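Below is a walk through one protein chain, taken a part at a time. The parts are a small sheet, the disulfides, and the empty spaces inside and at the surface.

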Amino acid sequence: MKTWWNQMKKSLIFLLFSLTILASAVDLLAYDGAEQEIIAIQKEIDEQGLNWKAVLTPNMTEYSPEERRQLTGLKLPDNWKEIWEKHLDRNFVKLAAEDLPESFNWADSGKVTSVKNQGSCGSCWIFGAIGALEAIYKIQRQVELDLSEQQILSCVSGGWGCDGGWMGDVYEHCQSYGSILETAMPYQADDEVPCTEDLYPVYANITGWTGISNDEVSLKTAIMTAPVCVAMTVYDNFQSYGGGCYAHADETEEINHAVLLVGWDDNACDGAGAWILKNSWGTFWGDDGYGWVKYGTCNLGVAAALLNIEAVHILSPTFLPNANKYCYDGEFSYQFEAEGATPPYHWYKQVGTLPDGMVLEESGLLHGIPTRAKNYVFALRCEDSSTPTIKFLKYFMITIADGIYGDADCNCNYNILDATSLITYLYKQGQAPVCSLGGDANVDELTNILDVTYLINYLYRGGPAPGPEQ
């Protein structure tokens, strides 16, 4: 009996050893096949004169070409365009092309949450949409959330789970129900995990979403508010992207992947420009999970959407009215304004320095008599009255001038005494204007007889007023 059992153990050990060797051989063959594929892709890149590199990403080594195609997973429903067009906003105002920066990237400012990995599940449509929600919360509410993609995978009946879906179903659920934390329903890349969202509190909601037209200026304008989830065409070689300027001729109209646009760079791709996207294939893909795709390729920008959340919006402009060190009957006063969320609002200085001699009331009233001429830059935090508090941060600039142009006697009025004060200073060793702008009526950064004639022309001949042209 013992002899039989010993023989059986030896057979089992040999079988396990053989299976291990076989598995290792299969892995080695798969790796070798992927490596040969990378060589072929890089050769094609070089022959086409493109400027990106192919590398052995985990997707290339862990999945077959057929399995990789299932990782994209975006499936636009037949009526997606009709739904998307209903969300277009006629009041959406595009910025002028010349007013847009050459480059912009939310990831550089730390306003994008970490790159995630959808694994062997075609759930890119969930990751793109949830990434957009996390980003706009970080930008507009100053709070970082790690929200649950598994919630959508398990609970959204309108999607097709790991076999695919589209972002509109995510938006609808985040508006009607809300989004819970990743810790409540951790991602398992499995659409058969039971839905348990009702056991956990909701941490994020959207109030709606705005469809964004697929043109360069509209997309850039929207991205200036927050990252935008878009659809695109992924070609087989995109799985091997390891950095650089990706480009591919649009050989098909099939839209099969969702990503998050976080910015752009007009100077990338040898000046042709590129979009900067956050993918959901882990940090070993691309440039730590990010990629640069050349403008006008890969059908990038289809079904673009900008999310709307309940937030405090500061209405006051970035550049405040100029103040003056001398010329006030009373004191300088400016009331900051906001809307959205739950008023009343509370204002606090977050960064920088308020003008010397001025104070900020919690009500948002900035007032006082400035005592120092200077350009001041500061950031204010506005909080609403909800629980938890909703916050918004914005930078402001104000210029405190030292007198006014051409007011030589620095009494904040224009009359013949200004001309005589200048003549006395220039030709009779009189006192120089005590305010820095007082002797410069024609704004040429000099004090001379031309300032005198400029003042006389203004006072008696209807000439232009001293100071910069209005």
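Strands β12 and β16 pair in the antiparallel sense over four bridges, with β16 covering residues 365-368. Within this pairing, Ser-333 stands opposite His-367 of β16. The model is a predicted one. The two strands belong to an open sheet of three strands in the order β12-β16-β15, and the pairing is antiparallel. At the edges lie β12 (332-335) and β15 (358-360), each of which pairs on one side only. On average, neighbouring strands of this sheet are turned by 10° against each other, if direction is ignored.

The next topic is the disulfides. How many does a search of the whole structure find? The search finds five. If the bonded cysteines of the protein chain are numbered in sequence order, the pairing reads 1-3, 2-4, 5-6, 7-9, 8-10. Three of the links are described here in turn.

Cys-121 and Cys-162 are joined by a disulfide with an S to S distance of 2.1 Å. This pair links distant parts of the chain, 41 residues apart: Cys-121 sits in the loop between β2 (103-105) and α5, while Cys-162 sits in the loop between α6 (149-155) and α7 (167-176). The link of Cys-121 and Cys-162 is left-handed, with -100° about the S-S bond. Are the two cysteines buried or exposed? Cys-121 has a relative accessible area of 1% and is therefore buried. Cys-162, at 16%, is also under the 20% limit, so Cys-162 counts as buried.

A further disulfide runs from Cys-155 to Cys-195, with the sulfur atoms 2.0 Å apart. Cys-155 lies in helix α6 and Cys-195 in the loop between α7 and β3 (208-212), so this link ties together parts that are 40 residues apart in sequence. The torsion about the S-S bond of Cys-155 and Cys-195 is about 105°, and the disulfide is therefore right-handed. Cys-155 is buried because its relative accessible area is 15%. Cys-195 has 37% relative accessibility and so counts as partly exposed.

The link between Cys-410 and Cys-435 has its sulfur atoms 2.1 Å apart. Cys-410 belongs to the loop between β18 (391-401) and α9 (416-427), and Cys-435 to the loop between α9 and α10 (449-460), so the disulfide ties together parts 25 residues apart in sequence. The torsion about the S-S bond of Cys-410 and Cys-435 is about -90°, so the disulfide is left-handed. Both Cys-410 and Cys-435 are buried.

Why does Cys-124 have no bond to Cys-229? The closest cysteine sulfur to that of Cys-124 is in Cys-229, and at 8.6 Å this sulfur is too far for a bond, because a disulfide needs the two sulfur atoms within 2.5 Å. Cys-124 is buried, with a relative accessible area of 0%. Cys-382 also counts as buried, at 0% relative accessibility.

The last topic is empty space. Rolling a probe the size of a water molecule over the atoms shows where such space is left. The largest pocket has a volume of about 460 Å³. Its lining is made up of 18 residues, and those closest to its centre are Phe-92, Gln-140, Thr-221, Thr-225 and Leu-306. Helix α5 and strand β9 (302-308) each supply at least two residues of this lining. By class, the lining of the largest pocket holds 11 nonpolar residues, six polar residues and one charged residue.

Besides the pocket, the model has one cavity of 30 Å³ or more. What is the volume of the largest cavity? The largest cavity has a volume of about 100 Å³. Of the 13 residues that line this cavity, Phe-127, Gly-131, Lys-278, Asn-279 and Ser-280 lie nearest its centre. The elements that give two or more residues to the cavity lining are α5 (124-140) and β6 (257-265). Helix α5 gives the most, with four residues. By class, the cavity lining has four nonpolar, five polar and four charged residues. Helix α5 thus takes part in the lining of the largest cavity and also in the lining of the largest pocket.

Terms used:
Residues are numbered from 1 along each chain as its sequence is written. This is a predicted model: local features need pLDDT of at least 70, side-chain atom pairs count only at pLDDT 80 or more; totals for chains, interfaces and linings use all residues. Side-chain values use heavy atoms; hydrogens and water are left out. On a 1 Å grid over the protein atoms alone, a cavity is a set of points where a 1.4 Å probe fits but cannot get out, and a pocket is an open set with protein on both sides within 12 Å along at least five of seven lines; lining residues have an atom within 4 Å of a point. Grid points are joined across faces, edges and corners, and a volume is the space filled by probe spheres set on the points. Ala, Val, Leu, Ile, Met, Phe, Trp, Tyr, Cys and Pro count as nonpolar, Asp, Glu, Lys and Arg as charged, and the others, Gly among them, as polar. Two strands pair if DSSP finds at least two bridges between them. Axes are lines fitted to C-alpha atoms, for helices over the stretch in contact, and angles run from 0 to 180 degrees between N-to-C directions. Buried means under 20% relative accessible area, exposed over 50%, partly exposed in between (1.4 Å probe, protein chains only).
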